[in-house]
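I opened a new notebook page for this one. The plan is to pick some spots, look each one up and write down what I find.

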Amino acid sequence: MTLSLISLLSQDVTALWLLLKTSADEIMHQDIVPLCAADIQEQLKKRFAYLSGGRGQDGSPVITFPDYPAFSEIPDKEFQNVMTYLTSIPSLQDAGIGFILVIDRRQDKWTSVKASVLRIAASFPANLQLVLVLRPTGFFQRTLSDIAFKFNRDDFKMKVPVMMLSSVPELHGYIDKSQLTEDLGGTLDYCHSRWLCHRTAIESFALMVKQTAQMLQTFGTELAETELPNDVQSTSLVLSVHTEKKAKAKEDLQLALKEGSSILESLREPLAESTSHSVNQDQLDNQATVQRLLAQLNETEAAFDEFWAKHQQKLEQCLQLRHFEQGFREVKSTLDSLAQKIATVTDVGNSLAHVQHLLKDLTSFEEKSSVAVDRARALSLEGQQLIENKHYAVDSIHPKCEELQHLCDHFATEITKRRGLLSKSLELHSLLEMSMKWCDEGIFLLASQPVDKCQSQDGAEAALQEIEKFLETGAENKIQELNKIYKEYECILNQDLLEHVQKVFQKQESTEEMFHRRQASLKKLAAKQTRPVQPVAPRPEALTKSPSPSPGSWKSSESSSSEGSALRRGPYRRAKSEMSENRQGRTGSAGDEEESLAILRRHVMNELLDTERAYVEELLCVLEGYAAEMDNPLMAHLISTGLQNKKSILFGNMEEIYHFHNRIFLRELESCIDCPELVGRCFLERMEEFQIYEKYCQNKPRSESLWRQCSDCPFFQECQKKLDHKLSLDSYLLKPVQRITKYQLLLKEMLKYSKNCEGAEDLQEALSSILGILKAVNDSMHLIAITGYDGNLSDLGKLLMQGSFSVWTDHKRGHTKVKELARFKPMQRHLFLHEKAVLFCKKREENGEGYEKAPSYSYKQSLNMTAVGITENVKGDAKKFEIWYNAREEVYIVQAPTPEIKAAWVNEIRKVLTSQLQACREASQHRALEQSHSLPLPTPSSTSPTKGNTRNVKKLEDRKTDPLSLEGYVSSSLPKPPEKGKGWSKTSQSLEAPEEDGGWSSAEELVNSSDAEEDGGVGPKKLVPGKYTVVMDDEKEGPDALAMRSGDTVEVVEEGAEGLWYVRDLTSSKEGWVPASSLSTLLGKSSSAQCLSSSGKTQCARQLCPEPAKILSPEPV
C-alpha cells in the first residue's frame, strides 16, 4: 500500500511537472525574434525608418521612411537590421498581407529618391503590397522625376507597384489620414522615443519571462528527480535547500509579474490621460503581448505552486517518517535495555530492610524509566496521527506503532510482576520479622521473670498468667503452618530464603518449647502445697560447753544429738531439693540470658547493616548528583571559575571509599547477619583498606576551604534541587568522617553483648584496630599542620604519639639567666614522637570555622632518638618526666596534662629506646660472629661470670671503631620509692629494666660502670638516690651515725641539710643520716641498682635486683 501511495504521489507530481513544463515551453518558444530593440537601439534612434502603427485599407502595416538627408550614408548592415526588426514587429497575420512603404522625399533630389527606392526594393526582407513615394516638391526636381521615372520605369520594376505621388493629399487617397502621422498630414499620434522605450521594455520583459520559465523548468526538473533521503539530517537538509530555492524562484517570478504589470500600465497611460485618444494597432498588439505574457506567468506560477505544495508535502512527510523511525529505534533500544535489566534482577531480598530497599530501588527505577515509556507512548500516538493524516508510509508506520505499544505493555507487565514478587517477599519477611520479634519478646519475657519470685505460689501464678497471655498473641505473630508458607510463597522461595524460613520456624518452635517447659515448671510451683515447718529442739549448750562430761551425760548427749540429727535431716533434704530446683532455674535463666544477648547482638548487627546501606547510598548520591555533574557539559555554565578542575580537592578519594564499601565491605557484613558475633573478623580482614580514610581526612581541610569559597555557586544549588536534598553538600562530605567514628561505637556495643562468644577476641582486636586507625587519622591531621620543617616528615618514621605539654629547658651551655628563668616559666610545646626523632613545635592560634579552625604548628627543633635519654620521674610532680640529649647536655623537663598521658609517653619512648638497643645488640652479635667465624652467636640470656669481663672488653673495643654502634647510657634516676607504684611494671622487669624508676638512653656510655673503672674513669661526682653495695667497712663516728659493713646493700633515700644523706641499710634493716663525704668513700665506685646501659656496650658490674638484693655478674652482649 505504501508503494502504491508513493506511486500515486509520484504520478501527481509528474503530471504537475508536465503541466509546468508545457507552460514554460510555450513561453520559451514564442516571440522569438532575431533582433531586439536593445540590440539596435542606436540605429533605431536615427529614425530613417519607423513603424508608426498605421494600417492600410486592408490592414497592411505601414512603414514610413521620413525625409533623411543622410539616408545614402547608412551602412547596409544597419539598414538591413532596422528593416528586419521593423518587419518582425507586426503579427504574422498582418505581415502576411504585405507591408505598405511610404517614402517621403519631398525635400530630396531625384537622384536620392531613385537610390533610396532601389535600395529599399533590393533589401526589404518581407512581403510588399504597395510602395508610395512622395517625390520632391521643387519644380525642377518634380519635372525631372516625372521624366526620369518614365524613362527608367524598368529600373523600378518590383513585385509590387511603386506609386509616385506629388502631394500629401494624393497620399491620403491610398491611406486614411487617421493612419498617417502628423508630418504626412495625418492624425495618428506617434512618438518615436516613446515607441522605442515601449519596445525595449516589452522585449526585456519577454526575455525575463523566458528566463523565469527556464529557471522554473530547471528547478522543477531538480525537484522531480530528487530521491528521498534515509535519515533525518539529510531529509532536513534537502527540505531546507529546496525551500530556499523555491523562495528564490518565487521572488524572480514576482519580480517578472511586477515588471509586466508596470509595462502594461505604461502602455495604457495615453488612454488613461485622454479618453478621446485613439490607439493604433501596434499599441494594441503591444498591450496584448504583455497581457499574454502576464497570463502565462500567472499560469506558470499557479502550476509551480501546486507542484511545490505536493513536493513539499512529500518531503515533510518523509522528514516526519525519518523522525518517527529514529525515535522508534531509540525508544526500542531503551525499552529493550530496561526490560533486560529488570529481567536479570531476580533478587527478592534477604531481610525486611533489604526488601524495602529493593522496593525503593524499583520505584526509583520505574520513575526513571517512565521517561522512556512516556516517550514511547507519545511516539505511538504520533504515528497514529501520521496515519490519520494519510501519510504515504502507512504500511511502515502502523507495525511500529503496534510494536511500541507492545513494548510498553510488556515493560509495565514486568514491573508489575517484579513489584508483585517483592510485595510477596515483603509480606513474607514481615511475617518472619513478626515471628522473630515475637520470639525475641518471648525470650525477653522469660528472662525478665525472676526465678526467686516464681518460687511462691502467687509469683508462679502471676508468671504463668503472663506466659499464657503472651502465648495468645502468637496466633497473629507467628508462622502457623510451614507447608502453607511453602505453597503461598513458592514463587519467591529460593534456597537462601527457604533456609531462612526454616530457621525462623525452628526458632519459633524452640521458643514455644521454652514456654511450654516454663509453663510446666510454673504449674508445678503454683500447684505445690506449702509444707508445715516442724519445730526443732535447740542443741543443749551444756553438752557442748562441758569440758569433761560424765558418762551419763555423754549418753544423753548422744541421744539428744541423734534426735536432733533426725529432726534436722528433714529440713536439710527439703533445702537440698529446693537448691536443686533453684539450680535448674538458674540454668534455664542462663539460657534465657544467652538468648537475650543473641537478640541484642542481632539488633546491633541490624543497625550496622542498615546504617552501612544508607551510608553507601548517600555516597553514591553525592558522586552521581554532584561529582559526575561537574563533568556534564550542560552544567558547565553554572560552575564558577574558582571551582573549575577542583573536583579531586572537593571530593577527595570519596569514590575509592564508595567502591570499597559497596563492592566489598557491605557484602561481607551481610554474610555475618546470622552470626553477628563474628563480625569482628570482617573488620580485621579489611583493616588495611580502612587506611583510605586517613587520605580522605587529610584532604578534608582543603575540601572545607574550597567549599567555603564556592558554597554559593549556582551549580551546588541546582544539584541540591535535582536531588531534593534538604542539607547542602558539606553535610554529605562529612559523612565519611562520621562513619569511621561510628564503627567503634557499634563494635563496643557488639563486644558488650558477646563477652563469652566465639568471636569476642576478634571483636576486641577489631575495636582496638579501629581505635588505632582513628588515632592515626587524628595524628595525621595534626602532622599535616606542621610548618617550617625543612626535611621530609616521612623520613622520621611512623608517627607514634602527639600532644601538648609544658616544657622547661635546662642546657649546660645555656646562658645563666635563661637557665634560671627556665625553672619558673615553661614553654607550651606540641610534641610529635616519631620512630626516629621527637619534634618540638609551637601551637598557633586557631582561626576560622570548621576545618579551617584546625590549629597549625610551627616547627622549633627536633631530637634524634639515637641520642635521646629519659628520666621517668622528676621529684615533686607525678606528671613530669625528663627528655635529655647528648649526655644531659640538653635537658627538657616535660609536664603532661595527666599522669596517664605521661605514663603512655614514657612507655612509648621506652619501646623506641628498647628497640634501638635490641637492634644494636643484634648488630654487635652479628659482627662478633663474623669476626670469630668459629664461635656460635651468644644468647642474650647468658650470664656466665667468666665470659662477661672478656666480652665487655671486647665490646668496648668494638664500640670505639664501629660507626653503627649506639653510644648511649642510662643515667642514675631521680627515683621515688618503688612501693608507691611508680616506675617500671613487673611484667617488664629484666636485667636491662629493673623495677625501680630509671633513666633510659641509647646514646651515652655509663660513667660508673665496671668498664669505666677499667678505663680509669672516675666515680660519680655527686650522689643520687638509689641502691648501692658498700665496698669498705665504716668506722662509726658517733652514736647516731649508721654503721655499714663491706658487702651490705644500702638504699640512699634522700639528701638532707648540711650535706647529710638519709640511708637505709637493707642488710641490717637499720637507717640513719650519713655525711655525703663519708658516704662517697664507703660506696666508692659502686653503681646504683637502677643504672642501665641501653647501648649494649657496658653493664653495671655490681648491679642489684630489687627482690632479693644480690650482686650480679656482668651480662655478656
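**Entry 1: a loop with two characters**

I started with His725, which sits in the loop between helix H24 (714-723) and helix H25 (729-733). Before going on I reminded myself that I'm looking at a predicted model.

Is His725 buried or exposed? Its relative accessibility is 14%, so His725 counts as buried, because the cut-off for buried is under 20%. Then I looked up what His725 touches, leaving aside neighbours within four places in sequence. The list reads Cys621, Tyr626, Gln720 and Tyr732.

Asp724 lies in the loop between H24 and H25 too. Asp724 has a relative accessibility of 66%, so I put it down as exposed, because exposed means over 50%. Its phi caught my eye as well: Asp724 has a positive value of about 60 degrees, although it is not a glycine. I noted that down because most residues other than glycine have a negative phi.

**Entry 2: another positive phi**

Where is Lys390? I found Lys390 in the loop between helix H12 (352-388) and helix H13 (394-448). Phi of Lys390 is near 60 degrees, which is positive, and this residue is not a glycine either. With 71% relative accessibility, Lys390 goes in my notes as exposed.

**Entry 3: a charged-looking name in a helix**

Next I went to Glu512, which is found in helix H17 (residues 495-527). Glu512 counts as buried, because its relative accessibility is 15%. Which residues does Glu512 touch, not counting those up to four places away in sequence? I wrote down Trp438 and Lys478.

**Entry 4: checking a helix with a ruler**

I picked helix H9 (residues 232-267), which has 36 residues. From its first C-alpha to its last, H9 reaches 52 Å. That is close to the 52 Å expected at 1.5 Å a residue.

What caps the N-terminal end of H9? Asp231 does, with a side-chain oxygen 3.3 Å from the backbone nitrogen of Gln233.

**Entry 5: the nonpolar cores**

A bit of background first: in soluble globular proteins, nonpolar side chains tend to be buried together.

The largest nonpolar core here has 63 residues. The residues with the most contacts inside this core are Leu643, Phe683, Phe690, Phe715 and Phe716. Which helix gives the most to the core? I got helix H19 (residues 551-627), with eleven residues.

I then clicked on Phe690 and again left aside neighbours within four places in sequence. Phe690 is in contact with Phe660, His661, Phe665, Phe683, Ile740, Tyr743 and Ile773. There is also a second, separate core of 34 residues, and among its members are Phe71, Ile74, Val113 and Leu128.

**Entry 6: the five-stranded sheet**

Time for strands. Five of them form an open sheet in the order S1-S2-S3-S4-S5, with mixed pairing. Which strands stand at the edges? They are strand S1 (50-55) and strand S5 (162-165). Each has a single partner strand, so one side of each is left without a neighbour in the sheet. Ignoring direction, neighbouring strands of this sheet are turned by 25 degrees against each other on average.

I zoomed in on strand S4 (residues 128-134), which pairs with S5 in the parallel sense over four bridges. Leu132 has Met163 in S5 as its bridge partner. Helix H3 (residues 76-87) packs on the sheet, touching S1, strand S2 (61-65) and strand S3 (99-104). The direction of H3 makes about 155 degrees with that of S2.

Met164 is in S5 too. At 14% relative accessibility, Met164 counts as buried. Its C-alpha is 4.9 Å from that of Val133, though these two are 31 residues apart along the chain.

**Entry 7: the four-stranded sheet**

Last stop: four strands form an open sheet in the order S15-S16-S17-S18, and this pairing is antiparallel. Strand S15 (1026-1029) and strand S18 (1070-1075) are the edge strands, each pairing on one side only. The twist averages 35 degrees from one strand to the next.

How many bridges join strand S17 (residues 1060-1065) to S18? I noted six, and the two strands run antiparallel. The bridge partner of Val1063 in S18 is Gly1072.

Conventions: Residues are numbered from 1 along each chain as its sequence is written. This is a predicted model: local features need pLDDT of at least 70, side-chain atom pairs count only at pLDDT 80 or more; totals for chains, interfaces and linings use all residues. Side-chain values use heavy atoms; hydrogens and water are left out. The expected span of a helix is 1.5 Å times one less than its number of residues. A polar contact is a pair of N or O atoms within 3.5 Å; within protein, one must be able to donate a hydrogen and the other to accept it, and residues adjacent in sequence count only if both atoms are side-chain atoms. A nonpolar core is a set of buried Ala, Val, Leu, Ile, Met, Phe, Trp, Tyr and Cys residues joined through side-chain atoms within 4.5 Å. Buried means under 20% relative accessible area, exposed over 50%, partly exposed in between (1.4 Å probe, protein chains only). Contact means heavy atoms within 4.5 Å. Two strands pair if DSSP finds at least two bridges between them. Axes are lines fitted to C-alpha atoms, for helices over the stretch in contact, and angles run from 0 to 180 degrees between N-to-C directions.
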